[in-house]
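Let's work through some exercises together, one small step at a time. Keep the structure on screen, try each task yourself, and then read the solution.

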Amino acid sequence: MTLAGVSASAEQRPNVIFIAVDDLGYGELGCYGGKDIPTPQIDALAASGARFTSGYVTAPFCAASRAALMTGRYQTRFGFEFNPIGAKNAAPGIGLPVVEKTMADRLRDSGYATGLVGKWHLGGTAPFHPQRRGFDEFFGFLHEGHFYVPQPWQGVTTWLRRKTLPDGGQGRWTSPDGRIVWSTHLGSNEPEYDTDNPLLRSSQPVEEQANLTDAFTREACDFIGRHRAQPFFLYLAYNAVHSPMQATDDDLKKFAHIEDIQRRIFAAMLAHLDDSVGKVLAQLRDSAIEENTLVVFFSDNGGPTQELTSSNAPLRGGKGELWDGGIRVPFIAAWKNHINAGQVVDAPVASLDATATALKVAGSLAPEPSTKAEATLDGINLMPLLTGKATQLPERPLFWRVGKKNALRLGDWKLIRDGKEWQLYDLTHDISETRNLATQEPARVQQLSALWDKWNAEQMEPLWR
């Protein structure tokens, strides 16, 4: 789909902020039905704009989802199908292909200041560095995760996955001072997130003593303050609430009533994240640019429930799966006096649409696409719906492919398979995907699977696995 460019004077061109959070389940925020953990700041953002109840990402894990967000194209179009983790992050050739134009490239080329604060995960070697992919400024890390404070992890309680407890057994162990908890319930060790993965300012390692959630908030607020007189794009990519689970003493005290320490740590991390989002939004108000800033908030994928306790209720499944619990996420868009407040949008939308919408309102696309990549943006502009100029979105299918895991959603219907036969669900009447209607609706299965096959024929083979 091609989006025509628009002209806009410098003072009219809106700022764009994408706030991506990591591994947050669909059912945790108050505005999505969560009861355990107050999230007043994010809830207020939703109330000030539009909350999408069927907001999707294009992959059930971090990097592939972010590749689509940054390009506005299905990541399978350019072979970014699987998630690089550990040492693979630093392997030559693994990253967002350099021939792909990012939204930061497009926005910078049209006069925007661009900044990335937080997690990248789109290539850990020199050709893929954020400042070679359209960002003027970068403060964060390149791989999939990072500890929130430096060792010896002072001022926090840390929950770690381990294969074996200190006594050689299984279960849960807590250090005598209560600061470290080991659990064997997942049968694996906590990844070595910090190995060969320093915190960077530009390309230079920095020693950061603040909790990373606080550090990223500080840097985001500083970027906003410094660039308030010009149009800017800020990609604020928190690693919260991704593992490793680490919570500050002050945040843990707020949830002393939660008996299970794993759940208490998660609650503290989410509350800390919510406070941080509030500080960023306050910076917009203090800088007098709230009315000229489009803010989009979303999670990069569904929550890993066993790992974090993160709830995807009422959806089925979670991170790594193509059941809706892995790909339907909290998704909010706000722009004061432009997006109508208090909206709840039930129509299916995708992170691709956030990219397309931001590029459209910024006037950053050439009237005539000059490259194949520019001609094949896969999102649609949501602003007509969000401003009341349209009553509905055009119906179009959304697609997923992760190896033998495949899915499609069109309207109310979801088609899904995991290397076996297609299954069919009516999401309007069965949001938890419990009643497979494939045998009752063979013609619909045939119609939808043909759409998926046609789309799949246009995708690349994965560049790595």
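**Exercise 1. Decide whether Gly 134 is buried or exposed, and describe its surroundings.**

Step 1. Gly 134 counts as buried because its relative accessibility is 0%. The cut-offs are these: buried means under 20% relative accessible area, exposed means over 50%, and partly exposed lies in between, with a 1.4 Å probe and protein chains only.

Step 2. Before going on, know your model: it is predicted, so local features need pLDDT of at least 70 and side-chain atom pairs count only at pLDDT 80 or more, while totals for chains, interfaces and linings use all residues. Residues are numbered from 1 along each chain as its sequence is written, and side-chain values use heavy atoms, with hydrogens and water left out.

Step 3. Find the place of Gly 134 in the chain: the loop between strand E4 (113-119) and strand E5 (137-141). Helices (H or I, at least four residues) and strands (E, at least two) are DSSP runs, numbered from the N terminus.

Step 4. List the contacts, meaning heavy atoms within 4.5 Å. Leaving aside neighbours within four places in sequence, Gly 134 touches Thr 102, Ala 104, Asp 105, Arg 108 and Thr 114. Leu 116 is 18 residues from Gly 134 in sequence, and their C-alpha atoms are 9.6 Å apart.

**Exercise 2. Work out which residues Glu 190 touches.**

Step 1. Look in the loop between strand E8 (180-183) and strand E9 (200-201), where Glu 190 is found. Glu 190 counts as buried because its relative accessibility is 9%.

Step 2. Not counting residues up to four places away in sequence, Glu 190 is in contact with Trp 159, Leu 160, Arg 161, Ser 243 and Pro 244.

Step 3. Zoom in on Arg 161: its backbone nitrogen is reached by the side chain of Glu 190 at 2.8 Å.

**Exercise 3. Find out how many residues of strand E13 (residues 293-299) are buried, and which strands pair with E13.**

Step 1. Count first: seven of the seven residues of E13 are buried. On one side these are Thr 293, Val 295, Phe 297 and Ser 299, and on the other Leu 294, Val 296 and Phe 298, so both faces are covered.

Step 2. Recall a general point: strands of a sheet pair through backbone hydrogen bonds, either parallel or antiparallel. Here, two strands pair if DSSP finds at least two bridges between them.

Step 3. Strand E1 (residues 15-21) runs parallel to E13, joined by seven bridges. One example is Val 16, whose bridge partner in E13 is Leu 294.

Step 4. Strand E14 (residues 331-334) pairs with E13 in the antiparallel sense over four bridges. Val 295 has Ala 334 of E14 as its bridge partner.

**Exercise 4. Identify the residues with the most contacts inside the largest nonpolar core.**

Step 1. A nonpolar core is a set of buried Ala, Val, Leu, Ile, Met, Phe, Trp, Tyr and Cys residues joined through side-chain atoms within 4.5 Å.

Step 2. The largest one has 138 residues, and Phe 18, Phe 233, Tyr 235 and Phe 297 have the most contacts inside it. Helix H6 (residues 261-286) gives the largest share of this core, 13 residues.

Step 3. Follow Phe 297 beyond its neighbours within four places in sequence: its contacts include Ile 19, Val 21, Leu 24, Val 277 and Phe 331.

Step 4. Then look for a second, separate core; it has nine residues, among them Trp 153, Leu 160, Leu 165 and Ile 180.

**Exercise 5. Describe the open sheet with the order E17-E18-E19-E20 and the helix that packs on it.**

Step 1. The sheet has four strands with antiparallel pairing. Strand E17 (398-402) and strand E20 (423-426) are the edge strands, each pairing on one side only.

Step 2. On average, neighbouring strands are turned by 15° against each other, direction ignored.

Step 3. Strand E18 (residues 405-410) and strand E19 (residues 413-418) are antiparallel and share six bridges. Leu 410 has Trp 413 of E19 as its bridge partner.

Step 4. Helix H12 (residues 442-456) touches E17, E18, E19 and E20, and its direction makes about 65° with that of E17. Axes are lines fitted to C-alpha atoms, for helices over the stretch in contact, and angles run from 0 to 180 degrees between N-to-C directions.

Key
A polar contact is a pair of N or O atoms within 3.5 Å; within protein, one must be able to donate a hydrogen and the other to accept it, and residues adjacent in sequence count only if both atoms are side-chain atoms.
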